[in-house]
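This report introduces one protein chain to a reader who is new to structural description. Please keep the sequence and the three-dimensional view at hand while reading.

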Amino acid sequence: MAARAESLDPSELEVVVTPMRRRHLRGVLRIEHRVYPRPWSLGLYMSELALPSTRVYLVARVGTAVVGYCGLMTVGEDGHITTVAVDPAWHRRRVGTRLLLALVEQAVGRGVRDITLEVRMSNAAAQTMYRHFGFAPAGVRRGYYVDNAEDAMVMWAHGVDEPAEVDRRAALAAQVPGRTVLEGLS
Ligand SMILES: CC(C)(COP(=O)(O)OP(=O)(O)OC[C@H]1O[C@@H](n2cnc3c(N)ncnc32)[C@H](O)[C@@H]1OP(=O)(O)O)[C@@H](O)C(=O)NCCC(=O)NCCS
């Protein structure tokens, strides 16, 4: 059984971060439909998972429940974050931070040095989280989001393999309460 978010002391929270598998997709899609106006389909996730040489998809679990997930596409030394989402019942427990920490480590392990993403101009929560990881605004894609024609802020984090960035992530990891267990990740 999954622990209930609201009754849990953060210091007792154990989050497992593990590669996304087909068996996680029901939980992934449940969150997807809650947090995104144009959720990705099962087929889209399946096609992403079928490209393991250029994709990294991770889920966060509490007990048996999927509470968040993230993904990244690699193009040579560039990484492109395709999604990060956390079940609203589990927000502000550093689940997103745990996922991004693991995702960036996986990217660096594959030779990625610079990482980019798009985020809605109105999404201050995600922008703040990304800034903690060293992402900075680098441009705007006008009308990028088709549901409401909102602009996207393009953010980049450069030199994610360099010591200063490794130290930045170590400091972030040290502030994460409870335990994070990496399962099936090298
Ligand atoms: C963005 C998202 C993934 C963050 O997940 P999360 O697990 O709640 O984030 P964390 O707990 O790791 O937050 C880390 C820090 O980011 C900032 N942050 C996160 N959510 C925030 C919010 N709602 N308001 C203000 N700051 C926020 C805070 O600085 C936070 O640290 P703090 O809680 O100590 O203040 C989550 O809000 C989400 O799933 N949103 C919907 C999907 C989405 O927007 N994805 C990003 C698409 S680009």
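The sections below treat the overall fold, the strand pairings, one loop, one helix and the surroundings of the ligand.

## Overall fold

The structure described here is a predicted model. Its chain contains 5 helices and 8 strands. Read from the N terminus, these elements follow the order β-α-α-β-β-β-α-β-α-β-β-α-β. The radius of gyration is 16 Å, close to the 16 Å that the globule rule gives for 186 residues, so the chain is as compact as a globular protein of that length.

Along the principal axes, the C-alpha atoms occupy a box of roughly 45 × 40 × 30 Å. Of the 186 residues in the chain, 30% are buried. Among contacts with a separation of 6 or more, 65% are made by residues 24 or more positions apart.

## Strand pairings

Strand β1 (residues 14–19) takes part in pairings with β8 and with β2. With β8 (residues 179–182), β1 runs parallel, and 4 bridges join the two strands. Within this pairing, Val-17 has Leu-182 of β8 as its bridge partner. With β2 (residues 55–62), the sense is antiparallel, again over 4 bridges. Here Val-16 stands opposite Arg-61 of β2.

Strand β4 likewise has pairings with β3 and with β5. Strand β3 (residues 65–75) and β4 are antiparallel and share 8 bridges; Leu-72 stands opposite Ile-81 of β4. These two strands form a hairpin with 2 residues between them, where Gly-76 adopts a positive phi near 60 degrees. The pairing of β4 with β5 (residues 114–120) is parallel and comprises 3 bridges, and Asp-78 stands opposite Asp-114 of β5. As a general point, the side chains of a regular strand alternate between the two faces of the sheet.

## The loop between β4 and α3

The loop that follows β4 and leads to α3 contains Arg-92 and also Arg-94. Arg-92 has a positive phi of about 65 degrees although it is not a glycine. A positive phi of about 65 degrees is also found at Arg-94, which is not a glycine either.

Which of the terms buried or exposed applies to Arg-92? Arg-92 is exposed, because just 11 other C-beta atoms lie within 10 Å, and a residue with 12 or fewer is classed as exposed. Arg-94 has 24 C-beta neighbours inside 10 Å and therefore counts as buried, since the threshold for that class is 20 or more.

## Helix α5

Helix α5 covers residues 163–174, which is 12 residues. At 1.5 Å a residue, the helix should span 16 Å, and its end C-alpha atoms are 16 Å apart, so the two values agree. The helix is hardly covered: the count of buried residues among its 12 residues is 0.

## Surroundings of the ligand

How many residues surround the ligand? There are 18, and the closest are His-91, Gly-96, Thr-97, Ala-125 and Met-129. By class, this shell consists of 9 nonpolar, 6 polar and 3 charged residues.

Three elements each supply at least two residues of the shell, namely β4 (78–86), α3 (95–109) and α4 (124–132). Helix α4 gives the most, with 5 residues. Strand β4 thus appears in two parts of this report: it contributes to the shell around the ligand, and it pairs with β3 in the antiparallel sense and with β5 in the parallel sense.

Terms used. Residues numbered from 1 in each chain as written. Predicted model: local features only at pLDDT ≥ 70, side-chain atom pairs only at ≥ 80, totals over all residues. Near = placed C-beta within 6 Å. Nonpolar A, V, L, I, M, F, W, Y, C, P; charged D, E, K, R; others polar. Expected span 1.5 Å × (residues − 1). Rg over C-alpha atoms; globule rule 2.2 N^0.38 Å. Contact = placed C-beta atoms within 7 Å. Pairing = 2+ DSSP bridges.
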